[in-house]
Amino acid sequence: MTKRRGLKKKLISLYVLLVISVSILTGISSYTIQMSVYMTQSEEKLQNTVAYLADVLAEQGDEFIAFQELFLEVSDNVYVPMDYDGDYIDAKNEFYDKFSTEYPGKVIGKDVDYSDLSEELKVLFVTYKHKYLYHIFQSISKKYDIIYTYYMVPAGDYYMYYILDPVPSSQVIDGTEYMILNDKVPEPIEEHEHMWAAWDTGEFTPGFDEYDNQYGKTYACYYPLWVDGKKMGVVGADIEIATINKIIVGNTIQQILYMALLVSVFGGLLTFLLHKFYIERLLKLEKAIEDFALTKDLSIAKKIKNEINGNDEIHDLANETSNMIESICEYVDSLSEANEKIRFANELANKDTLTGIRNKTAYDNEVQKIEFQIAQENFDKFGIAMVDLNYLKLINDNFGHDKGNIAIKKICNIVCVTFKHSPVFRIGGDEFVVILENEDYDNIHTLIKQFRDTLNDISMDETLEPWEKVSAAIGWTMFDKQTDLGVQNVFKRADNLMYEDKKNMKATRN
């Protein structure tokens, strides 16, 4: 016989769980609040830093424009030691001495254009300016406790030229280690969203790009550089969160320990009082309920009323339990029948009668579920695909609604087969929604191509009737926790992309 677990033991277990839960929730809450404050402060610091550096570069006007153009031209001949200490004065003097020799009495940028300089002067000018700007960027990094500051220029196809690189690659020439300047580095847009947004829009975009690489976990902020109305490049700055994260974790652990101690003291006192004044009576009620479960003896109801007395909620509970026992047998059969009816009704309410897939009501219920997961579980790995059947009205008008229904069921089958790992809903006469998840979420590009290839093959199949040659527009997008407030934002974006696809299809036909 299975040993009955005592109510006291259950209460102690609940008490232990309470201590653990409160401690964990306290830790999560404390960590989240501290991290949120830190992230807000960090974003503000990074934004001020990149904006300031952009102003420093912009204030140099034509001289900086010339530097950037000449840097891209002669950087392969510019040599800056890896151990460069920030002293740019010698490089500056060397350039101006050489310039005065070749152009006595002339002023660079006024009497002599930068592009007309000799190759040697171009190299000296770029060397001096690079050392000067590198010194400025490194000084600002130290002053504001920022791990990296840098300046980049787009190189096409999502590549960036690093003109001012805080961690440059190196090369050894004649025993001396030099920086490799003007590195061309791939920067995929999916990994550097804010970087490319700053360049493409020419405006600062709040938020971070997050990196986890050989330099540690960092957050990066970007600012577009404009010089005399000309968009030149992007200024970036990174912060490393490892150090501050250790501090926050330490504070969080300390708060967890304090809270655990406090809850333990009050919880222990509460457990003692509950056992003394309530648990013993509850144990009698528990035993009576167990006896009823074994024997189904209705006389136990009267026994409960007689033995469990008092003037509190336990007495009320005992009376209610007694009444429940007296009526439970009467209702058990009708309850079973009612449950079956409810199950059947729920199934009908959420099922599309024509296609057999889930309907608009089921979609709305699923949206509510996802909204809850986003809010409570930080859920973000899903997308939405909108599919709209083309020419349904034309099919109905020319061939009848029964043929239109055939077309609807056929496009429905294609959608379900293509996105077989995701729920599909019919939300209108010719509209379907797919909530992308699991393998479909990871392989969306392949599935979109497969969907379109299937429709293309159907359009070329001369054995099919006109209403069987189904055509459809599709639009899809993924949830972005940085910008999307909920499912509706993703839905609207997918719907708009679907209509863009429909317009493109019409334009192609015309």
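Start by selecting Phe95, Tyr96, Phe99, Tyr103, Tyr114, Phe125 and Tyr128, which form one aromatic cluster. The model on screen is predicted. Keep this part of the numbering in view and add Lys98, Glu102 and Glu120, which are linked in a network of salt bridges.

Next, show strands β1 (residues 148-156) and β2 (residues 159-164). They run antiparallel, joined by five bridges. Pro154 has Met160 in β2 as its bridge partner. At the turn of this hairpin, two residues lie between the strands, and Asp157 has a positive phi near 55°.

Staying on the hairpin, select Tyr150 and Tyr162. Of the 24 aromatic pairs found in the whole structure, this one is tilted, with 5.9 Å centre to centre and 35° between the planes. Tyr150 belongs to strand β1 and Tyr162 to strand β2, twelve residues apart. Tyr150 is buried, at a relative accessible area of 4%, and Tyr162 is buried as well, at 12%.

Now add strand β5 (residues 183-186). β2 pairs with β5 in the antiparallel sense, over four bridges. Lys184 in β5 stands opposite Tyr161. Turn to the side chain of Lys184: its charged end sits over the ring of Tyr159, 5.2 Å from the ring centre. For another case of this arrangement, go to Lys403, whose charged end sits over the ring of Trp467, 5.1 Å from the centre.

Move to Glu69 and Lys230. Their salt bridge has its closest N and O atoms 3.6 Å apart. The pair links distant parts of the chain, with Lys230 in strand β8 (residues 230-240) and Glu69 in helix α2 (residues 62-74), 161 residues apart. Lys230 is partly exposed at 39% relative accessible area; Glu69 is also partly exposed, at 45%.

Then select Ala301, in helix α7 (residues 299-307). Ala301 counts as buried because its relative accessibility is 1%. What does Ala301 contact, leaving aside neighbours within four places in sequence? The residues to display are Ser322, Ile325 and Glu326. A C-alpha to C-alpha distance drawn from Ala301 to Ala288 should read 8.4 Å, for a separation of 13 residues in sequence.

Helix α10 (residues 392-399) is the next stop. Which of its residues are buried? They are Leu392, Ile395 and Asn396. These residues lie on the same side of α10, because they cover an arc of only 95° around the axis. Residues three or four places apart on an α-helix point the same way, because there are 3.6 residues a turn. Rotate to the face of α10 turned away from the buried side to find the exposed residues Lys393 and Asp397. The cover over the buried residues of α10 includes β9 (383-389) and α11 (401-418). Just after α10, check Gly400, which takes a positive phi of about 105°.

From β9, follow Asp388 to Lys502: the two form a salt bridge, with the closest N and O atoms 2.8 Å apart. Asp388 is in strand β9 and Lys502 in helix α14 (residues 487-509), so the pair ties together parts 114 residues apart in sequence. Both Asp388 and Lys502 are buried.

Finish on Asp501, which forms a salt bridge with Arg452, the closest N and O atoms being 3.6 Å apart. Asp501 lies in α14 and Arg452 in helix α13 (residues 444-460), so this pair ties together parts 49 residues apart in sequence. Asp501 is buried, with a relative accessible area of 13%, whereas Arg452 is partly exposed at 39%.

Technical notes. Residues numbered from 1 in each chain as written. Predicted model: local features only at pLDDT ≥ 70, side-chain atom pairs only at ≥ 80, totals over all residues. Heavy atoms only, no water. Pairing = 2+ DSSP bridges. Phe/Tyr/Trp six-rings, centres within 6.5 Å; stacked < 30°, edge-to-face > 60°. Buried < 20%, exposed > 50% of the residue type's maximum accessible area, 1.4 Å probe, protein only. Lys NZ or Arg CZ within 6 Å of the ring centre and 35° of its normal. Arc of directions from axis to C-beta. Contact = heavy atoms within 4.5 Å. Salt bridge = Lys/Arg side-chain N within 4 Å of Asp/Glu carboxyl O.
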